[in-house]
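Colleague: I would like to go through this model with you, one question at a time. Please give the reasoning before the value.

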Amino acid sequence: MAATRSTAIEAIAEIPDGATIMVGGFGLVGAPLTLIDALVEHSTATDLTIISNNTGEAGRGLGLLLRQGRIKKAIASFFTSNPEAVEAAMTGAIDYELLPQGTLAEAIRAGGAGIGGFYTPVGARTELAKGHEERIIDGVPHILQAPLRADVSLVYATWGDELGNLRYRRTAQNFNPAMASAGALTIAEVAEIRPVDGFAPEDVHTPHLYVNRLVQSTLSLADVQGAGA
Amino acid sequence: MTDARDVIAARAAQELHSGEVVNLGIGIPNRIPGFLDPDVEIFLHTENGLLGVGPRPAEGEVDLELIDAGKKPVTLMPGAAAFDSASSFAMIRGGHVDTVVLGALEVSETGDIANWMIPGGKALGVGGAMDLVTGAKRVIVTMTATTPAGEPKLVPACTLPLTASGVVKVVITEHAVFRLVGNELVLTELLDGATAETVAAETSARYRVALS
């Protein structure tokens, strides 16, 4: 099905309390900044589970959602860049799950691809193996990782077309393609929305069948670059 | 050279060979490109999704959507390839990255590495560290020989939470090069005028001496 054009506020209004939300980006690069801003300013959805590499930064991006007390649980590989998220996790103010970055990415990919989990050697026999089944494969300890799926995925692409096909730029790609595939409702924020056939079919990174809502980006990285990204 | 970090980076640069795909960690490893022999052409990989990482951009030429894993701006080398996180870590886990050079809090005499967590600290993140040391074909650790408090970092067994077991192949400090040969730690080289006694005093791991 083709994506529906929508404003950021309309799209965000579809997120209910208790939703699990994936948010693309490596730090702020490739993060859907317009959608995050709408979620912070125009939604009251709370008890959210956020799956994102970094859980934002102190007072910026998803960091604002944390300050509003709307995050129940965060799944990430690196909380350190947001000291407030570290504090919230360590004091039990939020639940958290720390995953190696590649395991996080693959769990999201698996979620979107209908895979019931996978065995990885990464993290085996470390503290992060707790709660994961271990199995020896070819003599090497592996641990079982479950797939990750979301009620809503918020992604960013530099280019898109009116059907919802997406194309990413440089290192702004990161978690976005996998997250676009793993959301029951995927909302894509796009900087440049082209007519259908605006780029060659083989240049599409995320085919439109993954994308449900298409939102014009109005907030760029340059707009939000304050003290260090 | 007086900066210990430059001594380490310069020696680590000599470990890299033309044609290798190399992932450099934050800190000392990031200084390595400045010490590479101009005849050595390597391909730098960064786990946030780029093969063919170039030097830092000049002021005014920063592309906000082009960063390394330390979130610092970079440039593109000719033939660079950009990809998503799942693909990037598939490359790493799949053994397609030849060498990773990264720092450590502790390395054990059997090649275990601890570099992601200090209990009771203010950090909570593993990032790509476990993926990189588990998946790369060769793991080189660059680290100062001791902690700021003067405690050895090359130890009989790690006391800090492990990143991975038995993966480290080379350890380079400001005073020495150690190699894991089979299951044995071997001191192969003294650096920057250090003596074997200096190295012995700052190392609690057991090792054999075979200076080349």
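Colleague: How far apart are the mean positions of the positive and negative charges of chain B?

Modeller: This is a predicted model, and the value is computed from it. Chain B carries 15 positive and 26 negative charges. Averaging the positions of each set gives two points, and their separation is 5 Å.

Colleague: How many helices and strands does chain B have, and what is its radius of gyration?

Modeller: The secondary structure of chain B comes to 4 helices and 13 strands. For 212 residues the globule rule gives 17 Å, and chain B is close to that, so it is as compact as a globular protein of that length. The C-alpha trace spans about 50 × 35 × 30 Å along the principal axes. The radius of gyration itself is 17 Å.

Colleague: What share of the contacts in chain B joins residues 24 or more positions apart?

Modeller: The count takes contacts in chain B with a separation of 6 or more. Of these, the share between residues 24 or more positions apart is 60%.

Colleague: What part of the exposed area of chain B do carbon and sulfur atoms supply?

Modeller: Of the 212 residues in chain B, 53% count as buried. The chain exposes about 9000 Å². Carbon and sulfur atoms supply 55% of that area.

Colleague: Which helix of chain A gives the most to the largest nonpolar core?

Modeller: The largest nonpolar core has 47 residues, and those with the most contacts inside it are A:Ile15, A:Ile21 and A:Leu154. With 6 residues, the helix that gives the most to this core spans residues 33-42 of chain A and is helix 2.

Colleague: Which residues does A:Leu154 touch, leaving out those up to four places away in sequence?

Modeller: Among its contacts are A:Ile12, A:Met22, A:Val23, A:Gly24 and A:Pro32. A:Leu154 also touches A:Ile21, and both belong to the residues with the most contacts inside the core. The list further includes A:Leu35, A:Leu39, A:Asn176 and A:Ile187.

Colleague: Is A:Glu106 buried or exposed?

Modeller: A:Glu106 lies in helix 5 of chain A, residues 101-113. Beyond its sequence neighbours up to four places away, A:Glu106 touches A:Phe118 and, from chain B, B:Ala86 and B:Arg93. Its relative accessible area is 14%, which is under the 20% cut-off, so A:Glu106 is buried.

Colleague: What is phi of A:Asp138?

Modeller: Most residues other than glycine have a negative phi. A:Asp138 sits in the loop between strand 7 (134-137) and strand 8 (140-145) of chain A, and is exposed with a relative accessible area of 79%. Although A:Asp138 is not a glycine, its phi is positive, at about 50 degrees.

Colleague: Where is A:Asp197, and what is its phi?

Modeller: A:Asp197 is in the loop between strand 11 (183-194) and strand 12 (213-216) of chain A. A:Asp197 is exposed, with a relative accessible area of 69%. Its phi is positive, in a residue other than glycine, and near 70 degrees.

Colleague: What distance separates the C-alpha atoms of B:Gln14 and B:Val40?

Modeller: B:Gln14 lies in the loop between helix 1 (4-13) and strand 1 of chain B, and counts as exposed at 57% relative accessibility. B:Gln14 and B:Val40 are 26 residues apart along the chain. Their C-alpha atoms are separated by 9.3 Å.

Conventions. Residues numbered from 1 in each chain as written. Chains lettered and ligands numbered in written order. Predicted model: local features only at pLDDT ≥ 70, side-chain atom pairs only at ≥ 80, totals over all residues. Heavy atoms only, no water. Helix = DSSP H or I, 4+ residues; strand = E, 2+ residues; numbered from the N terminus. Rg over C-alpha atoms; globule rule 2.2 N^0.38 Å. Buried < 20%, exposed > 50% of the residue type's maximum accessible area, 1.4 Å probe, protein only. Contact = heavy atoms within 4.5 Å. Areas by Shrake-Rupley, 256 points an atom, 1.4 Å probe, with all protein chains shown as cover. Lys, Arg positive; Asp, Glu negative; His and termini not counted. Charge placed at Lys NZ, Arg CZ, Asp CG, Glu CD. Core = buried A, V, L, I, M, F, W, Y, C linked by side-chain atoms within 4.5 Å.
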